[in-house]
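Student: Could you take me through one part of this model closely, in a single connected account? I would like to see how burial, contacts and backbone geometry fit together there.

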Amino acid sequence: MATSRTTPRAPLSLGPASLCALLLLPTAACKDDEPAADAGTDGTGATDTDTDSADGTETLPDDALTWWRDIEPIVRDKCANCHRPGEVAPFPLDTYEDFVTYGPAAIWAIEQDVMPPWGPDDACNQYADPLSLEPEHKDQLLAYLATDMPQGDPEDAPPADPPPPELVPDVMLEMPQSYTPDASTPDDYRCFLIPMPEDMTEEQFMTGFEVYPGERAIVHHVIAFQIDPGNEGPYVDLDAADPEAGYTCFGGPGMLDGSARWLGAWVPGVGASIAPEGVGQRILPGSTIVFQVHYNTVGNAGLSDRSAIGLRLQPSVDRPAVLMPLADLGWLTGTTSMLIPAGDANVTHEATMDRTHPVFLNGVLPGIGAQADDDLIVWTAGLHMHLFGTRGRLTVRDSGGGNEQCMLDVPEWDFDWQSSYALAQPITWTADQELHLQCWWDNSAENQPVVDGIQLDPVDRNWGDGTLDEMCLGILYVSAAE
């Protein structure tokens, strides 16, 4: 069964100009008609620029936008991590020549806020290293793309920001063997089991995490889970039952019993994840890592991948941390309905967690060595839904509601660009507060996936690990306050 993304949400959200760029056709070839020439333009939308006929040097007004002074810094910061050779983006934008060639294909994505792929509503909270374009940057890009895009003087380029801290891994974990994704579907989700090294005989704390994609053109995102020793049996069985490397998985590591805990996640453009000073996640000797990779094969059929992750470890930390899941346990067990009725375009469910929640008492407290009434720190927040999700929101509020503080609000959910987000200012979660999660879905006929070339009819959907099931999950990186 070849399952493609839902009709309104293709794997790559591209406008007509973007399709031209992918086909290496002139942008004008995708226009219905040539526009009439306006005063001050040459008929292509480019503004007139005087050129000194003696030496060919551009003579520009003082307020003219140029590549080196105004545009290159924006592209370097917001676009080039993905839009460069060998990365997952469909065309490069990291040089002036590339931007002149492919830049017009970005107009639609910039106007529609599709690119850069930034899900959170910045009005909810502030995050470290946001990819979203500031309004003035968006205006500058669109204004520049409407001119003949003068290059300007390289000496005008502002200095580059200092590079982010480099992660020096203590342990490298590589996929056991190469894998060639299934080219019959644009999206192949695959899990690989990687045991921790046998010479790790004492518990360690992970303080840094980095993914090293083997074939960047097809690795769309990665989620790593950890399984404590003795719980790996069902996952080994899944691996053994699949003749290919690894095994097929989708919204999780392949099991819904809670035996695998989130360790970290990666999407293109994100570098190393480094924990706050003195904070880290416990990893026991003999643990197994589930390495879930989302492969996107559009335009890259036949490529193989053998990715790896690097872990920075230390024997102790001041404040142990956990990646804490937030959901209604009844959804997982079937005792509480998370029904998303067939044909309903606007369905919502919600869950809360206070200090009496079983996951908190049995999973979080032992993991961080805290008491139930201690203040805790929330460092990062993430959401997880499947293909029918439209919005997700995480808040901390007074027990029973009221005095709500927004942590994360993703108003236009896109499964292909899920991530976790480091809060610019960590949030203190006190004993008299609760965490609140709310998810929305669209299960209308128009929002159904296409399977083997046929769009499915809507059916009732509920919590599950399958491609056509759904989830509503918050993921929070939490530690003790002291």
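**A helix and the loop that follows**

Tutor: M149 has a relative accessibility of 7%, and because the limit for burial is under 20%, this residue counts as buried. The model is a predicted one, and in it M149 belongs to the loop between α5 and β4, the latter covering residues 171-174. Its backbone deserves attention as well, since the phi angle of M149 is positive, at about 55°, although the residue is not a glycine.

A second residue can be set beside it: N403 also is not a glycine and has a positive phi, here of about 45°. N403 sits in the loop between β17 (389-398) and β18 (405-410), but its relative accessibility is 63%, and because exposure begins over 50%, N403 counts as exposed. The positive phi is thus found at a buried position in the case of M149 and at an exposed position in the case of N403.

Let us go back to helix α5 itself, which spans residues 135-145 and in which K138, L141, Y144 and L145 are buried. These four residues cover an arc of only 135° around the axis, which means that they lie on the same side of α5. The general background is that an α-helix has 3.6 residues a turn, so residues three or four places apart point the same way. On the face of α5 turned away from the buried side one finds P135 and D139, both exposed. The buried residues of the helix, for their part, pack against three other helices, namely α2 (67-78), α3 (96-102) and α4 (107-111).

L141, which lies in helix α5, lets us follow this packing residue by residue. It counts as buried because its relative accessibility is 2%, where burial requires a value under 20%. When residues up to four places away in sequence are left out, L141 touches I71, I74, V75, F99, I110 and L133. One of these partners, I71, is 70 residues apart from L141 in sequence, yet the C-alpha atoms of the two are 6.7 Å apart in space.

To place this part within the whole, consider the largest nonpolar core, which has 71 residues, and in which M324, L394, W429, L435, W441 and L476 touch the most other members. Apart from that core lies another, of 26 residues, with V171, Y179, L311 and L313 among them.

Note on methods
Residues numbered from 1 in each chain as written. Predicted model: local features only at pLDDT ≥ 70, side-chain atom pairs only at ≥ 80, totals over all residues. Heavy atoms only, no water. Buried < 20%, exposed > 50% of the residue type's maximum accessible area, 1.4 Å probe, protein only. Helix = DSSP H or I, 4+ residues; strand = E, 2+ residues; numbered from the N terminus. Arc of directions from axis to C-beta. Contact = heavy atoms within 4.5 Å. Core = buried A, V, L, I, M, F, W, Y, C linked by side-chain atoms within 4.5 Å.
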